[in-house]
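Me: I would like a close look at a single part of this model, with the cut-offs spelled out as you go.

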2 protein chains.
Amino acid sequence: MNRVTIKEVAARANVSYQTVSKVINHKVEVLPETEERIWAAVKELGYKPNYTARSLRSKRSYTIGYTWSPTPHGLTNPILDQFLQSMFHTAEQAGYYLLCFPFHEENERQLQVYSELIDTGRVDGFILSSIEYKDPRIAYLLDQKFPFVGFGRSDDDVVFPYIDVDGELGVYQSVKHLVEGGRKKIGALAWPEDSRVGNNRMAGFFLAMDEFGLPVNADLIARGSGNYEFGYQACDELLQLPSSLRPDAVVALNDYMAMGAMAAIQKQGLIPGKEIAVTGFDDNPIVQYLRPSLTTVQQPIWDIGQKVIEMLIYQLNEEKMPDPICSLIPPKLIIRQSSLPRSMKGGMA
Amino acid sequence: MNRVTIKEVAARANVSYQTVSKVINHKVEVLPETEERIWAAVKELGYKPNYTARSLRSKRSYTIGYTWSPTPHGLTNPILDQFLQSMFHTAEQAGYYLLCFPFHEENERQLQVYSELIDTGRVDGFILSSIEYKDPRIAYLLDQKFPFVGFGRSDDDVVFPYIDVDGELGVYQSVKHLVEGGRKKIGALAWPEDSRVGNNRMAGFFLAMDEFGLPVNADLIARGSGNYEFGYQACDELLQLPSSLRPDAVVALNDYMAMGAMAAIQKQGLIPGKEIAVTGFDDNPIVQYLRPSLTTVQQPIWDIGQKVIEMLIYQLNEEKMPDPICSLIPPKLIIRQSSLPRSMKGGMA
DNA sequence: TAATTTCATGCGAACGTTCGCATGAAATAG
DNA sequence: CTATTTCATGCGAACGTTCGCATGAAATTA
C-alpha cells in the first residue's frame, strides 16, 4: 500500500528526482545511458506517477465530466452503453478518464454542479448531451470559456463545438424509401415543437414531402411524449380517419413510438408493412426481432463517442476551437419488413 | 478563470489560512464571531476548495472507480442507466463522484487498469459488476486490501462485500407461480453452466421443482448465450418434442430469451400464456408492451445502486468491512399475460 | 498573586509532482 | 591557451491544501 515516489526512482537511478520527472514526461534529452537507468528504475520499482500531485502542479486533471438525462420510466436508452464505452476507450488512449455525475432537472442546481466541478478543478472539460433550446449549460460554459463538446445542437445562432447526427437526413431517407415503395399519404409521430431533436428530424420529413410533391396534411402529424403508449394511441387515432384520409405510411421519430404504432395497426387486424408502412429511429436492437421487423434509422454511435472526445482533447491540447467547429454525421437507413413496397396493384391505382 | 484560494479568504476574514481550513472542515471550534466572518468571506468570494490540493494532502480522492462489461451486440442493458444514476446520486450526497473507465475483456489488461487507478491515487475504491467465478479482480483487490463492493457474487468461498439480487428466489417465485397456474411440465432457457448468475437463478428452478414434487427433465433445459436468437431456437426445439414430453411452461433466465421463446411459440400458431406459459427475468421496459405481455422478475435496481455505494463509503470512512458483509435483495415477480393460469379443464385433466 | 489550565488561533511542514532557471563540465571556436 | 558555446543535469520554488504542534492571552485554581 506504500506508494513508490519519484524520489525513490531518482535515488535508484542516481539522478535528481527532477530529472526523472523530465525524462518521464519527455521534456528533455539526456544521455541514452542515463535514460536507460531511469526507465529501468521505474520498471523495477513499479513507479506510477501520483496523479494528484501531478495534477496539482500542472493544473490539469486529465478528467472529462459527463452527465446525461436519465431515461424516462418505461423506456431504455438504446445507445447509452455504446456511447459511454466508446468515450471511455477514446479517452483512455489519450490518458483521460471520465467523471460521471448525476443529472439534475432543475437548471440552477444543474449549473451548480458544473460550476463546482470547474471551480474545484476536478475536470478539464465536459461532454454535453441531452441538449435543448436555450440550454443554460452552453451559455454558462461559453461565458466561462471552459472547454466542452456537445453531442447534439442547441439554437442555430449559438456557436459551439458539437457533433450531431443528421436527423434531418435520416428522416428524409425514410420518407424517400417509403415514397419509392409507393406510399403517398404519409403521417408522422413526433415530439412536441419545443424539442430540438424532434424539429431537426421533422425537417427531413417536410423536406422530403416537398421534394416528392406530396401534400403535408397536418392531421397526419401527431406530437407527444416519445413513448410506446403515445405511439399506440396516436396511430390508433390515425386509423380511425376515413379511408380517403387514412395514411398508408407512418414515420415515427423513435423506435418506441414506431413499436406502439405497429401494435395499433395489428390490433386493427392490419399488417404493418402491408397496408400501412412504419419506420422508426434509433435501431434499438429489439426492433430487428419484431414481427414484422422494423425499418429504422441507425446512428453510428461508436464513431460519435470517439469524435466527441477527440474534439474535446484537441481543445485541451491546442487551446483553440476545433476546425470545423461542428459536424453532422449521416445516419443509416436499415430497411426491414415494416416498410415493404406497396404491391404494384395498389401502387398503380 | 482565476480561482479563489483559501489564502484570499483568510485575508478577507483576518485570520490565518490554516484556521479557515479548519473551520471549513469542522476540525476545530472557534469564536462564533470568527466563524461567521470566515463563512461570510467564503461566500462573498465564492471560494471552493481546490479538489486536487485537498486530495494530495489528505490522500483521499473522493472518487469511486467503476466499469462494466459492455452489452453484447444486439442487446441493450435494461438496468444500466438506472444503476448508474442511482450510484451517482448516492455518491454525490457523500461528496463523491464516479470515475468510469473502459472494460477490457482480457484479464491481464483489465487488472492493469485497476492497478493503475490504485497506484496513481485516482480512486479510493471500486464498485464491481459483471462478476464471474474466479474473478481475478476480486483476488487482486482483496490481496491489495483495496476497498471495493460488488454488485453480484463470485465463488462461494470468497468473502468480500457485495450486494446481490436473490436470483434463486426470483426464479423460485416464477416456478411457484406457474405451478399454481396448473403448469406441470416446466422447461428452462438458461446460460451455460459456467455462468455464476445463471447457476444462481437455476438453483431457484431446481428448488421449486423439488419442492412441488415435479420431475426435472434434462431435455427441457436448454443452455446457450442469453439472447433472442437462442431463446427462439431452443424453444422451437422444445416444441418439436412429442406432445407427451412437450413443456407447458418455459422459464427463461432473462427477457431476451423469453421474447425469443414467445416468438417461437407464436410461429407454431400457439399463444404464449395459453398452451405454453413463458416467464422472463429483468423486466425490460419493453416486455410490458409485448402481446401477450411478459411475466418477469424485476430487480430493485435503484436500491441496489444506492446500497452498493453506501457500503463502499462506509468502508472508506470506518476503515473496516461493513456488517453484514453482504446481502441479498429479493426481486419482485411481475405477473402479466404470458403466464395465465391453465384453464381449469386442462388443469384437472 | 503566582501557577496552572483552557481556549482560540497561528505557524511551519508536508503531500509528490512540474517548472524555469542555474550550473558545471566538456566541446568548440578564435 | 583562453573565451565561448553546448550539453546534461541539478536545484529551489511552487501548486493549494491539511496536519500536528506551538503560542499567547484569558480564565481558573491554589
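Which helix gives the most to the surface near DNA strand C, and with how many residues?

Reply: This is a predicted model, in which local features need pLDDT of at least 70 and side-chain atom pairs count only at pLDDT 80 or more, while totals for chains, interfaces and linings use all residues. Residues are numbered from 1 along each chain as its sequence is written, and chains are lettered from A and ligands numbered from 1 in the order in which they are written.

The surface near DNA strand C receives the most from H4(A), which supplies five residues; helices here are DSSP runs of H or I with at least four residues, and strands are runs of E with at least two, numbered from the N terminus. Helix H4 of chain A covers residues 51-58, and it is joined by helix H2 (17-24) of chain A and by helix H2 (17-24) and helix H4 (51-58) of chain B, each of which supplies at least two residues of that surface. A residue is near the strand if its C-beta atom, placed from the backbone, lies within 6 Å of it. Of the 27 residues around DNA strand C, those that come nearest are A:Ile6, A:Ser21, A:Ala53, B:Gln18 and B:Val30.

By character, the residues of this surface divide into eleven nonpolar, ten polar and six charged, where Ala, Val, Leu, Ile, Met, Phe, Trp, Tyr, Cys and Pro count as nonpolar, Asp, Glu, Lys and Arg as charged, and the others, Gly among them, as polar.

As for the chain that carries H4(A), chain A has 13 helices and twelve strands, and its C-alpha trace spans about 90 × 40 × 35 Å along its principal axes.
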